[in-house]
Amino acid sequence: MFIKRIKVKRILSRSGIGGCRYALNPYLGCSNGCYYCYAPHILRSLNFNREWGSFVYPKENGPLLLRKELKRLKRGKICIGTVCDPYLKWEEDFHITRNCLEELRFVRNPLSLQTKNGLILRDIDLLIQLNAQILITITTTDDRLREIFEPGASPVGERMRTIRELRGAGLSVTVFAGPLLPGLSDQYSALTELVAMVQESGAERIIFDLLNPYPVVRRRMGKLYRRYFPDLGSELDLAIKNRKGYRRKVKDRIEKVKKDLIIETIF
Ligand code: SF4
């Protein structure tokens, strides 16, 4: 893993994600290395010349910049972790996310934070003070698939324990089940298991999402499917080339799964 501290000119950026006015990413790059990640597409103008998942640049001046930028802040939600995971293991040493949270105590904007990693539990005290909405991403209940698709992220069991602890501390937790993995975690039995596990964890709701077929995602996922799931190539193709038809198919399955459940599901 290539790690190098950097100084950036801005730490808050306008977000294109619905409901988020500002995006805050304490790191550039992400060692979770998810194969379906669309961040390399969003950040393509930066020309990394390294494969996504193989580098992390901690933004060492992030908290200091944030203090200044918060003085000019308008209303609207701040979303932490839109193109990186704010709780990569390197955060244990760098404390950039934690120091940003410290700064955010002085503004009243709503805050959400998305992660796949259990290190978030370190900052429960601040997250409670900030009344943060937490999103924990879980794309599959199968840890073998997790290892293939999200090699650097926490195991599924650890994420479930994390949800329980966050909920126990009174925090709002949503599971972001996205993207569903074509031919794998988007199947009826896998969805049933996922929703049951999430419901049991105490999370308040589950949001489903589908693969974003940007060129870099198609390339990386195509490589993975050819290597590990050659028989499921047509499922990946459907998710990429016939988005409407694929969405309808998955929606029908989710509707069926939802019937007997009390947890709020959003798709
Ligand atoms: S955790 Fe998020 S930002 Fe990081 S590689 Fe995975 S999808 Fe991309």
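These legends walk through several close-up views of a predicted model.

**View 1. The largest nonpolar core and its best-connected members.** Let's start inside: the largest nonpolar core has 66 residues, and Leu24, Tyr36, Ile134, Val175 and Ala177 are the ones that touch the most other members. Which helix gives this core its largest share? That would be helix α8, residues 188-201, which supplies five residues. Zoom in on Ile134 and, setting aside neighbours within four places in sequence, you'll find it in contact with Leu113, Leu127, Leu166, Leu171, Ser172 and Val173.

**View 2. Helix α7 and its buried side.** Helix α7 covers residues 156-168, 13 residues in total. From first C-alpha to last it reaches 18 Å, close to the 18 Å expected at 1.5 Å a residue. Look for Val156, Arg159, Met160, Thr162, Ile163 and Leu166, which are buried. These residues cover an arc of only 160° around the axis, which puts them on the same side of α7. As a rule, an α-helix has 3.6 residues a turn, so residues three or four places apart point the same way. What do the buried residues of α7 pack against? Their partners are β8 (133-137), α6 (143-149), β9 (172-177) and α8. After the helix comes Gly170, with a positive phi near 90°.

**View 3. Helix α8, one face in and one face out.** Next up is α8, with 14 residues that should span 20 Å at 1.5 Å a residue; its end C-alpha atoms are 20 Å apart, which agrees. Its buried residues are Ala190, Leu191, Leu194, Val195, Val198 and Ser201. Seen down the axis, they fall within an arc of 125°, so they line one face of the helix. The face turned away from that buried side carries Ser189 and Glu200, both exposed. On the buried side, the packing partners are α7, β9, β10, α11 (243-258) and β11. Gly202 follows α8, and its phi is positive too, near 95°.

**View 4. Strand β10 between β9 and β11.** Follow the side chains along β10, residues 205-208, and you'll see them alternate. Ile206 and Phe208 point to one face and are buried, while Arg205 and Ile207 point to the other and are not. In which sense do β9 and β10 pair? The pairing is parallel, over four bridges, and Phe176 stands opposite Ile207 in β10. To get from β9 to β10 the chain crosses through α8, and this β-α-β crossover is right-handed. β10 also runs parallel to strand β11 (residues 264-266), joined to it by three bridges. Here Ile206 stands opposite Thr265 in β11.

**View 5. A cis peptide bond at Pro179.** Now for something out of the ordinary. Most residues other than glycine have a negative phi, and most peptide bonds are trans. The bond joining Gly178 and Pro179, though, is cis, with omega about -5°. Where does Pro179 sit? Its place is in the loop between β9 and α8.

**View 6. Asn47 and Asn131, with positive phi.** Asn47 isn't a glycine, yet it has a positive phi of about 45°. You can find Asn47 in the loop between α1 (39-42) and β5 (55-58). Is Asn47 buried or exposed? It counts as exposed, because it has 7 C-beta neighbours inside 10 Å. Asn131 is another residue other than glycine with a positive phi, this one near 50°. Its home is the loop between α5 (124-129) and β8. Asn131 has 12 other C-beta atoms within 10 Å and is exposed; the cut-off for exposed is 12 or fewer.

**View 7. An open sheet of three strands.** Finally, here's a sheet with three strands in the order β1-β5-β4; it is open and the pairing is mixed. β1 (2-3) and β4 (27-28) stand at the edges, each with a single partner strand, so one side of each is left without a neighbour in the sheet. How many bridges join β1 to β5? There are two, and these strands run parallel. In this pair, look for Ile3, which stands opposite Val56 in β5.

Conventions. Residues numbered from 1 in each chain as written. Predicted model: local features only at pLDDT ≥ 70, side-chain atom pairs only at ≥ 80, totals over all residues. Core = buried A, V, L, I, M, F, W, Y, C linked by C-beta atoms within 7 Å. Buried ≥ 20, exposed ≤ 12 C-beta atoms within 10 Å, placed from the backbone. Contact = placed C-beta atoms within 7 Å. Expected span 1.5 Å × (residues − 1). Arc of directions from axis to C-beta. Pairing = 2+ DSSP bridges. Right-handed = clockwise from strand over helix to strand, strands pointing away.
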